[in-house]
Amino acid sequence: MARINTKVPWFRKMAWFGKKTTWMNKKKLISTLKAYAFLAPFLVLFVGMVIYPISLGVRLSLYGQRGARMWYIGVENYQRIFSDTRFWESFKTPLFLLGVQVPLMLFLATLISLAYETRKNSGVVYRFIYYLPYTIPGIVAGIVWSYIFSDSMSPLRPLLDLLGYSGTKILTRPNVPPILLVIILWEFTGYTAFIVYSSLISIPKEFSEAAQLDGAGFWQIAFKIKIPLLRDVLITLFIFNAIGAMQVFNEPYMLGGLVVLPNNYTPAMYIYSSAFSQGRFTYAAAMGMILACITFVISLYVLRTAARNVLRSRS
Amino acid sequence: MSRRTFWSIVVTVVLMGLCVYFIFPFYWLTMGITKNVSQLYQKSLLPGVPSHLAENVQRVFSYENRTFFRWLGNSFLYATVGAFTGVTIASLAGFAFRRYDFIGKKALFIVILGCAMVPGYATTLPIFIMFRNLGLIDTRLAVLLPSFVNVFGVYLMVAYWNQVPDEMFDAAEIDGANDLLIYLRIGLPNVLPGFVTLFLLAFVGIWNNFFLPLVVLNSRSRMPLILGITTITDPQGFPVYNLTLTASFFTILPLLVLFATLQRYFKPQLYVG
């Protein structure tokens, strides 16, 4: 049987179609106007405080500078940075954190979140206590921990003396990486465990119950069922912590008050001291751009997932 | 002893041990503020005898013409105004992404998200230069303006708005409510918990932000607590450990009170939905 609309002459169809499109466009135009009205305050500030500074940073990075005098030099700053060993040495600390602290923390956080699950009543208390350090600013964590490890105040000192290590100093340059490890693990492990736990409890109970019926033990369920389902959240956490590791500043900055650290101990410290101690703003801007690019590349995976998850259009 | 109880004991011991690790600095700080410098040098884990708590507090409060209270006031000003403005603006932007299909929607969202990932250390330097040209260096506005842009907040706000069903907006639209009214009457009450969560996260974020004020401020009278406490020295410029500790204690006290009382709003937020 012929479809009914075949009986409509083609020109009428076109007219109808045409009308529909103009109507759609008009609607889209109106909603575009409305949307930008709501977006306006954000966009103005976003352009002023994010987009413009980034473009200014790019522009500055292409200039040479002596005092207040600036002149265009193209990519010369970048060429100099590539042979500036002090800049690349500053990545030792972030790489140490990336290689040791981040994996260790994710491992610990996963174990802790599995332990939370086994504690029905006391779990709340543990989660509260473990989360507390995260509410503390890195500066204060740096102050308190650096005092705890300082040779003049450390409660570890009497302990070391007792064990016969009275000559060994605690807060020395070589000891700073493990001390940073202790501080940063202290700050973020509880927070990370909380996030892992949140996605752990969203796994349907049926999964582990079915496995239990099949005779799987606690560890088998943990490794074969739960941890694979946590993959996405663990990857995201890894990326966020990798970004954090690239930018570490506050904790070594405060430790620097009690033990002499070179001004290129981390990339952020090197950028800061280049700009504000040595006044090499354009050179520092170029280093900032390189750091931003590295961060951006690391974050691409998260950006893609995030855009996919959140941006669904109205059906 | 069965295997089950054995493991249960192991887990409890480990969890308790970690409690010690996570609480110890708080304990040490609380003990530390009862001591003067020579008592701190005794390295004891117990409170100082005789207690110097009152003296420490009094010395911190009166330090350099009571500048401590200016720092405290500044911190509250920056964190409250910055967080509230930032989250309000972010909620308006989030509403636009949720409610409308508009030209450039996807591209704009990706640009905003991409910029969320640009480290503060890369933008703060150009912001310093920009503010210097505008004569904004060492003003309160220099700390406030960047904190009004809560890029992360926009992203999370879109996620919160997504939880409000379409029917709710449509019903209001049929009733003839205009868009601003829909945002205020239908939208905001429904995302209020998210709004509070974001406000708290932003508040803590600004309260704890050290790098921006470090770069854009010079005068101690405009510094927030977090920066002010790192400038405490004796007249010769040497650190005074007991005063720094006492000031640190008062820096984190409001945060701990906020966290303990409004715990249910402190939901950790992550990019994945």
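Tutor: A residue is called buried when its relative accessible area is under 20%. The model discussed here is a predicted one.

Student: Is B:Asp138 buried or exposed?

Tutor: With a relative accessible area of 14%, B:Asp138 is under that limit and therefore counts as buried. Its place is the loop between helix H5 (120-134) and H6 of chain B. The backbone deserves a look too: phi of B:Asp138 is near 65 degrees, a positive value in a residue other than glycine.

Student: Which other residue, not a glycine, has a positive phi, near 60 degrees?

Tutor: That is B:Lys43, in the loop between H2 and H3 of chain B. The loop between helix H2 (37-40) and helix H3 (53-99) of chain B also holds B:Pro50. A cis peptide bond joins B:Pro50 to B:Val49, with omega at about -5 degrees.

Student: Why is helix H6 of chain B described as largely enclosed?

Tutor: The helix covers residues 140-147, and six of its eight residues are buried, so the rest of the structure largely encloses it. Among the buried ones are B:Val143, B:Leu144, B:Leu145 and B:Pro146.

Student: Now the strands. How should I read side chains along one of them?

Tutor: In a regular strand, side chains alternate between the two faces of the sheet. The case to examine here is in chain A, where strand E1 (residues 63-66) and strand E2 (residues 69-72) run antiparallel and are joined by four bridges. A:Gln65 stands opposite A:Met70 of E2(A).

Student: How many residues lie between E1(A) and E2(A) in the hairpin?

Tutor: Two residues lie between them, and A:Gly67 in the turn has a positive phi of about 60 degrees.

Student: How many salt bridges are there over all chains?

Tutor: The cut-off is a side-chain nitrogen of Lys or Arg within 4 Å of a carboxyl oxygen of Asp or Glu. By this rule the count is ten over all chains. One of them pairs A:Lys226 with A:Glu117, at 3.0 Å from N to O. This pair links distant parts of the chain, A:Lys226 being in helix H10 and A:Glu117 in helix H4 of chain A, 109 residues apart. A:Lys226 counts as buried at 12% relative accessibility, and A:Glu117 counts as buried at 15%.

Student: What separates A:Asp161 and A:Arg157 along helix H7 of chain A?

Tutor: They are four residues apart in H7 (residues 156-162), so about one helical turn separates them. Their salt bridge has its closest N and O atoms 3.5 Å apart. A:Asp161 is partly exposed at 36% relative accessibility, whereas A:Arg157 is buried at 8%. The two belong to a network of salt bridges that also includes A:Asp151.

Student: Which residue forms a salt bridge with B:Asp101?

Tutor: The partner is B:Lys105, the closest N and O atoms being 3.4 Å apart. B:Asp101 is partly exposed, at 31% relative accessibility, while B:Lys105 is buried, at 8%.

Student: How is empty space found?

Tutor: Rolling a probe the size of a water molecule over the atoms shows where empty space is left. In this model the largest pocket has a volume of about 1200 Å³. It is lined by 33 residues, and those closest to its centre are A:Leu114, A:Glu117, A:Thr118, A:Phe218 and B:Val11.

Student: Which helix gives the most to the lining of the largest pocket?

Tutor: H1(B) does, with nine residues. Each supplying at least two residues are H4, H8, H9 and H10 of chain A together with H1 of chain B.

Student: How many cavities of 30 Å³ or more does the search find?

Tutor: There are four in the whole structure. The second largest holds about 50 Å³ of space, and its lining includes A:Val140, A:Trp186, B:Phe26 and B:Ile252. Helix H6 (138-149) of chain A and H1 of chain B are the elements giving two or more residues to this lining.

Student: Which residues make the nonpolar surface patch of about 820 Å²?

Tutor: Among them are A:Phe107, A:Trp219, B:Phe6 and B:Trp7. H4(A) has the largest share, four residues. H4 (92-118) and H10 (218-229) of chain A, together with H1 (3-32) of chain B, each supply at least two. B:Phe6 lies in that chain B helix, H1, and counts as partly exposed because its relative accessibility is 41%.

Methods
Residues are numbered from 1 along each chain as its sequence is written. Chains are lettered from A and ligands numbered from 1 in the order in which they are written. This is a predicted model: local features need pLDDT of at least 70, side-chain atom pairs count only at pLDDT 80 or more; totals for chains, interfaces and linings use all residues. Side-chain values use heavy atoms; hydrogens and water are left out. Patches are made of residues with over 30% relative accessible area and no salt bridge: like charges are joined within 9 Å, nonpolar side chains (Val, Leu, Ile, Met, Phe, Trp, Tyr) within 5 Å. Accessible areas come from the Shrake-Rupley method with a 1.4 Å probe; for residues, only the protein chains shown count as cover. Buried means under 20% relative accessible area, exposed over 50%, partly exposed in between (1.4 Å probe, protein chains only). Two strands pair if DSSP finds at least two bridges between them. On a 1 Å grid over the protein atoms alone, a cavity is a set of points where a 1.4 Å probe fits but cannot get out, and a pocket is an open set with protein on both sides within 12 Å along at least five of seven lines; lining residues have an atom within 4 Å of a point. Grid points are joined across faces, edges and corners, and a volume is the space filled by probe spheres set on the points.
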